[in-house]
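This report describes one protein chain for a reader who has not met it before. Please look over the sequence and the structure first.

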Amino acid sequence: MNRVAYGQIIGIDVSRDWLDIHCLPDGHRLRVPNTDKGHACLAELACERAALVCFEATGGQEWRLWAALDKAGVETRQLPPAQIKAFAASRGTRAKTDRIDAELIARFMAFRPEAGRCLPHEKLRLLRALTSKRGQLVETRKRLLAQIKAHGKLGTADMFAHMDDNLKELLDQQITELEHRIENTIAADATLAENAAILRSIPGIGPVSSTMLIAEMPELGQITGEQAAALTGLAPIAHDSGTLRGKRAIGGGRRLLRHVMFQAALVAAHHNPVLKAFADRLRAAGKSHKVIITAVARKLVTIANALCKMRRKWAPQPA
């Protein structure tokens with residue numbers, strides 16, 4: 001457990017205001033502010049120790065730190081919170097403080113040196129930010145339309161019609177503007193443009209799902225189909241013991257991407273000739289709609305991964 005594969009590891013618990021730091025193998029601890037000055041201090045410490053720096057994904061609070069460390073030439077890893085939580089349970093650690101979390105993160109990295117992911121390219125980070133913002137605005141528009149419908153049922157639609165129309169027009173305009181920026185970002189990079197063209201050649205994958213695949217899974221084309229399905233959270237998880245064969249279920253992975261792939265699977269199950277035949281076979285076997293769409297989404301991801309790996313566009317199979 002105390003073996004440190006990288007020689008030196010620095011685990012960080014990232015919060016809005018502070019960075020709690022735990023160094024291995026000597027157990028040195030400190031706390032610095034989550035500011036540019038604190039990032040510079042941490043980068044200096046990491047360079048002095050030639051250490052690998054690791055931290056949990058925190059919903060975006062770690063991105064400025066991540067970029068600053070990368071710019072300083074520090075090797076970094078972002079770790080999945082679910083794995084850190086399971087690691088804590090395996091050690092019997094019930095207490096939770098920022099200092100304890102920082103140590104757990106460092107010790108998990110020592111235990112699983114292959115875990116985590118490196119900082120995506122700057123253009124991918126920009127694309128991810130744009131797609132994330134677009135998703136937020138689309139969700140806001142969806143809630144607004146539901147509210148407009150509710151006003152109609154209550155008989156109060158006329159009271160708010162002007163306000164709702166203006167808000168919907170503003171949301172439509174901002175979503176369109178973001179979509180143009182996303183297209184321009186992809187078109188400005190030859191590799192991103194080629195990946196988008198490959199993905200969009202697959203019946204069922206459109207502009208939104210292709211952009212999400214590029215932004216949320218930069219590993220696409222560099223991993224196996226099974227790994228791609230697992231990263232998307234579409235790989236079936238076994239629950240077997242002895243002679244008991246439990247029901248398979250999916251879980252984990254990158255949630256936002258999985259939801260987009262479900263939408264793409266609904267289209268592919270009707271308009272992609274290969275996946276339509278696959279869905280029809282499952283339907284004939286008595287599988288439920290949810291199982292069918294999940295299986296189609298998983299196949300769609302593995303096809304996308306294979307085509308990106310071969311650098312080939314989709315080609316209809318001969319009859």
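## The chain as a whole

Among contacts in the chain between residues at least 6 apart in sequence, those joining residues at least 24 apart make up 61%. The model is predicted. The chain has 319 residues, and 40% of them count as buried. Its secondary structure comprises 12 helices and 7 strands. Measured out along the principal axes, the C-alpha trace spans about 60 × 60 × 45 Å.

## The five-stranded sheet

An open sheet is built from 5 strands in the order E3-E2-E1-E4-E5, and its pairing is mixed. The edges are taken by strand E3 (29-33) and strand E5 (76-79); each has a single partner strand, so one side of each is left without a neighbour in the sheet. On average, and with direction ignored, neighbouring strands of this sheet are turned by 25° against each other.

Strand E1 (residues 9-14) pairs with strand E2 (residues 18-24) in the antiparallel sense, over 6 bridges. E1 also pairs with E4, here in the parallel sense and over 4 bridges. Ile9 appears in both pairings: Leu24 in E2 stands opposite Ile9, and Leu52 is the bridge partner of Ile9 in E4. The pairing of E4 with E5 is parallel too, over 4 bridges. In that part of the sheet, Glu56 stands opposite Leu79 of E5.

## Strand E4 and the helix across the sheet

How many residues of E4 are buried? The count is 5 of the 5, so E4 is largely enclosed by the rest of the structure. In a regular strand the side chains alternate between the two faces of the sheet. In E4, Leu52, Cys54 and Glu56 point one way, while Val53 and Phe55 point the other way; all are buried.

Helix H1 (residues 36-49) lies across E1, E2, E3 and strand E4 (52-56). H1 runs at about 10° to E2.

## Loops around the sheet

The loop between E2 and E3 contains Pro25. A cis peptide bond joins Leu24 to Pro25, with omega about 10°. Leu24 is also the residue of E2 that stands opposite Ile9.

Ala50 belongs to the loop between H1 and E4. Its phi is positive, near 55°, in a residue other than glycine. Is Ala50 buried or exposed? Ala50 has a relative accessible area of 60%, over the 50% cut-off, and is therefore exposed.

Glu75 lies in the loop that runs between helix H2 (63-71) and E5. With a relative accessibility of 39%, Glu75 counts as partly exposed. Glu75 and Cys118 are 43 residues apart in sequence, and their C-alpha atoms are 8.1 Å apart in space.

## Helix H5

Helix H5 covers residues 122-154, which is 33 residues. At 1.5 Å a residue, H5 should span 48 Å, and because its end C-alpha atoms are 48 Å apart, the model agrees with that expectation. Gly155 follows H5 and has a positive phi, near 80°.

Which residues of H5 are buried? They are Leu124, Leu127, Leu130, Thr131, Arg134, Leu137 and Leu144. The buried residues of H5 pack against three helices: H6 (157-187), H7 (190-200) and H8 (207-216).

## Helices H10 and H11

Helix H10 (residues 255-271) packs against helix H11 (residues 273-284) at an angle of about 90°, and their axes are 6 Å apart. The two helices are therefore roughly perpendicular to each other. On the H10 side the contact is made by Ala268, Ala269, His270 and His271, and on the H11 side by Pro273, Leu275, Lys276 and Ala279. These contact residues divide into 5 nonpolar, 2 polar and 1 charged.

## After the helix H12

Arg311 is found in the segment after helix H12 (289-310). Although Arg311 is not a glycine, its phi is positive, at about 55°. Arg311 has a relative accessible area of 35% and is partly exposed.

Definitions and conventions: Residues are numbered from 1 along each chain as its sequence is written. This is a predicted model: local features need pLDDT of at least 70, side-chain atom pairs count only at pLDDT 80 or more; totals for chains, interfaces and linings use all residues. Side-chain values use heavy atoms; hydrogens and water are left out. The expected span of a helix is 1.5 Å times one less than its number of residues. Buried means under 20% relative accessible area, exposed over 50%, partly exposed in between (1.4 Å probe, protein chains only). Contact means heavy atoms within 4.5 Å. Axes are lines fitted to C-alpha atoms, for helices over the stretch in contact, and angles run from 0 to 180 degrees between N-to-C directions. Angles under 35 degrees count as roughly parallel, over 145 as roughly antiparallel, 65 to 115 as roughly perpendicular and the rest as oblique. Ala, Val, Leu, Ile, Met, Phe, Trp, Tyr, Cys and Pro count as nonpolar, Asp, Glu, Lys and Arg as charged, and the others, Gly among them, as polar. Two strands pair if DSSP finds at least two bridges between them.
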